[in-house]
Amino acid sequence: MTIEKLAVIGGGAWGTALAQVAAQGGRETMLWALEDDVVTAVNRIHENPIYLKGIKLDPAIRATSNFSDLASADAWLVVTPAQHMRAVLKRSPCPNMPLVLCSKGIEEGSGKLLHEVAHEVCPTSPVAVLSGPTFAHEVATGLPTAVTLACEDKEVGDAIRRRINLPAFRTYLTDDVAGAEVGGAVKNVLAIACGVAEGRGLGQNARAALIARGFAEMIRFGVAMGGRRETLAGLSGLGDLVLTCSSTSSRNFSLGVAIGQGQNIADLMRDRRTVAEGAHTAPVLNRIAIERGIDMPLVGAVLDLLEGRVKIGELLETLLSRPPGDEED
Ligand SMILES: NC(=O)c1ccc[n+]([C@@H]2O[C@H](COP(=O)([O-])OP(=O)(O)OC[C@H]3O[C@@H](n4cnc5c(N)ncnc54)[C@H](O)[C@@H]3O)[C@@H](O)[C@H]2O)c1
Ligand SMILES: O=P(O)(O)OC[C@H](O)CO
């Protein structure tokens, strides 16, 4: 199988950065964007000033808001916010070609992982997941990055990897689709927790503890969803958790910092143009954890905060008074 022409669905920061990867060496790449001003800017000035400001894009990227322009692609990279993926795929003429899901989240209403949503909407398309520690602006400027590409079909996975792998975009292959997806979804919620700790001035020790205990929650959840521990300990799990929990380049971490500093959550969520996926993943993740009896106290705490059920001070008291269990639990 050979994949040459790629189309990217979603003209946010990550879709634009991935189009830049796909267009390396002047290879024609289509970018579908929802907003006409994004389409116009990418085509006229080779920039996306709305979502990826200040980065010059390869002129081989051609933007469109018309799905019919994507018909000649060999594969689609799907990079919408997780909660819009079903609707966007439904609007498209479902392609009988590989779909590479690059979004991070769990569908709120159905509780489904995104590869399950894609299989439902496009049953004849092979599905892969691309995830890992990847700030869009770094990838778009060519800084070294490594990602997990998960695909059950080895031939399809190899073909996608051959097409997107670059010296500075190292692509590690696995067949563990669920494991790769869970890491990316759960780390966003934990990044909010780490941001809150930062905003509240709780110190570096607290952040390391949150990352480690949060990782234990990620593993419990991932294994229950059919993922493997080694995937969760890899780029798409631990790697992305460490990145996102350590930097204000992360929208999730920054949201947490603002909450930790006492800003109003409704104000922070209202009218935001960029997506903080953790705020949408927290409710469904917590619901599934409760239904399946998976212990995820940090995820529950983030949700309680986001939904205004507790104040940070009370939450800290509750978390710190929990009797510490055995570390491997
Ligand atoms: N930004 C990153 O560094 C990065 C890296 C890896 C993965 N991701 C993931 O990629 C996905 C997209 O994030 P992003 O950072 O590219 O987005 P963004 O925050 O830069 O932009 C928001 C996106 O949402 C889209 N959007 C808004 N309303 C919509 C609607 N009703 N229907 C469809 N689309 C709508 C906009 O068109 C835009 O593409 C997320 O799941 C995110 O977790 C982002
Ligand atoms: O800005 P965030 O928090 O959505 O994180 C971006 C990427 O997922 C980091 O890998």
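Ala, Val, Leu, Ile, Met, Phe, Trp, Tyr, Cys and Pro count here as nonpolar, Asp, Glu, Lys and Arg as charged, and the others, Gly among them, as polar. Keep that at hand for the exercises below, which work through a predicted model.

**Exercise 1. Describe the surroundings of ligand 2.**

Step 1: Begin with the closest neighbours. Of the 13 residues around ligand 2, those that come nearest are T134, D240, S250, R251 and N252.

Step 2: Ask which elements supply the shell. Two or more residues come from each of α7, α10 (235-244) and α11 (251-260). The largest share, 3 residues, belongs to α10.

Step 3: Sort the shell by class. Around ligand 2 there are 4 nonpolar, 5 polar and 4 charged residues.

Step 4: Turn to the domains. Domain 1 (6-175) and domain 2 (178-321) each give at least three residues to the shell around ligand 2.

**Exercise 2. Work out where ligand 1 sits with respect to the two domains.**

Step 1: List the nearest residues. G12, W14, S103, A136 and T274 come nearest among the 25 residues around ligand 1.

Step 2: Find the main contributor. With 3 residues, helix α1 (residues 13-22) gives the most to the shell around ligand 1.

Step 3: Classify the shell. Ligand 1 is surrounded by 12 nonpolar, 10 polar and 3 charged residues.

Step 4: Place the ligand. Because domain 1 (6-175) and domain 2 (178-321) both give residues to the shell, ligand 1 lies between them.

**Exercise 3. Characterise the contact between the domains.**

Step 1: Set the boundaries. The protein is divided into domain 1 (6-175) and domain 2 (178-321), and their C-alpha centres lie 25 Å apart.

Step 2: Count each side. Domain 1 brings 22 residues to the contact and domain 2 brings 25 residues.

Step 3: Look at the domain 1 side. The elements giving two or more residues there are α4 (114-121), β6 (127-131), β7 (145-151) and β8 (169-174). Strand β7 provides the largest share, 4 residues.

Step 4: Sort that side by class. The side of domain 1 that touches domain 2 holds 12 nonpolar, 8 polar and 2 charged residues.

**Exercise 4. Helix α7 packs against α14 and against α8. Is each pair roughly perpendicular or roughly antiparallel?**

Step 1: Take α14 to begin with. Helix α7 (residues 177-199) and helix α14 (residues 297-306) pack at an angle of about 70°, and their axes are 9 Å apart. Angles of 65 to 115 degrees count as roughly perpendicular, so α7 is roughly perpendicular to α14. Their crossing is left-handed.

Step 2: Name the residues involved. From α7 come V189, L190, I192, A193 and V196, and from α14 come L298, V299, A301, V302 and L305. By class, this contact has 10 nonpolar, no polar and no charged residues.

Step 3: Now take α8. The axes of α7 and helix α8 (residues 204-224) come within 9 Å and cross at roughly 155°. Angles over 145 degrees count as roughly antiparallel, and α7 and α8 are therefore roughly antiparallel to each other. The crossing of α7 and α8 is right-handed.

Step 4: Trace this contact on the structure. Among the α7 residues that take part are G179, V182, G183 and K187, and α8 contributes residues including A206, R207, L210 and F221. The contact of α7 with α8 divides into 11 nonpolar, 4 polar and 3 charged residues.

Note on methods:
Residues are numbered from 1 along each chain as its sequence is written. Chains are lettered from A and ligands numbered from 1 in the order in which they are written. This is a predicted model: local features need pLDDT of at least 70, side-chain atom pairs count only at pLDDT 80 or more; totals for chains, interfaces and linings use all residues. A residue is near a molecule or strand if its C-beta atom, placed from the backbone, lies within 6 Å of it. Domain bounds come from an automatic or database domain assignment. Axes are lines fitted to C-alpha atoms, for helices over the stretch in contact, and angles run from 0 to 180 degrees between N-to-C directions. Angles under 35 degrees count as roughly parallel, over 145 as roughly antiparallel, 65 to 115 as roughly perpendicular and the rest as oblique. A crossing is left-handed if the near helix is turned anticlockwise from the far one by less than a right angle, and right-handed if clockwise. Two residues are in contact if their C-beta atoms, placed from the backbone, lie within 7 Å.
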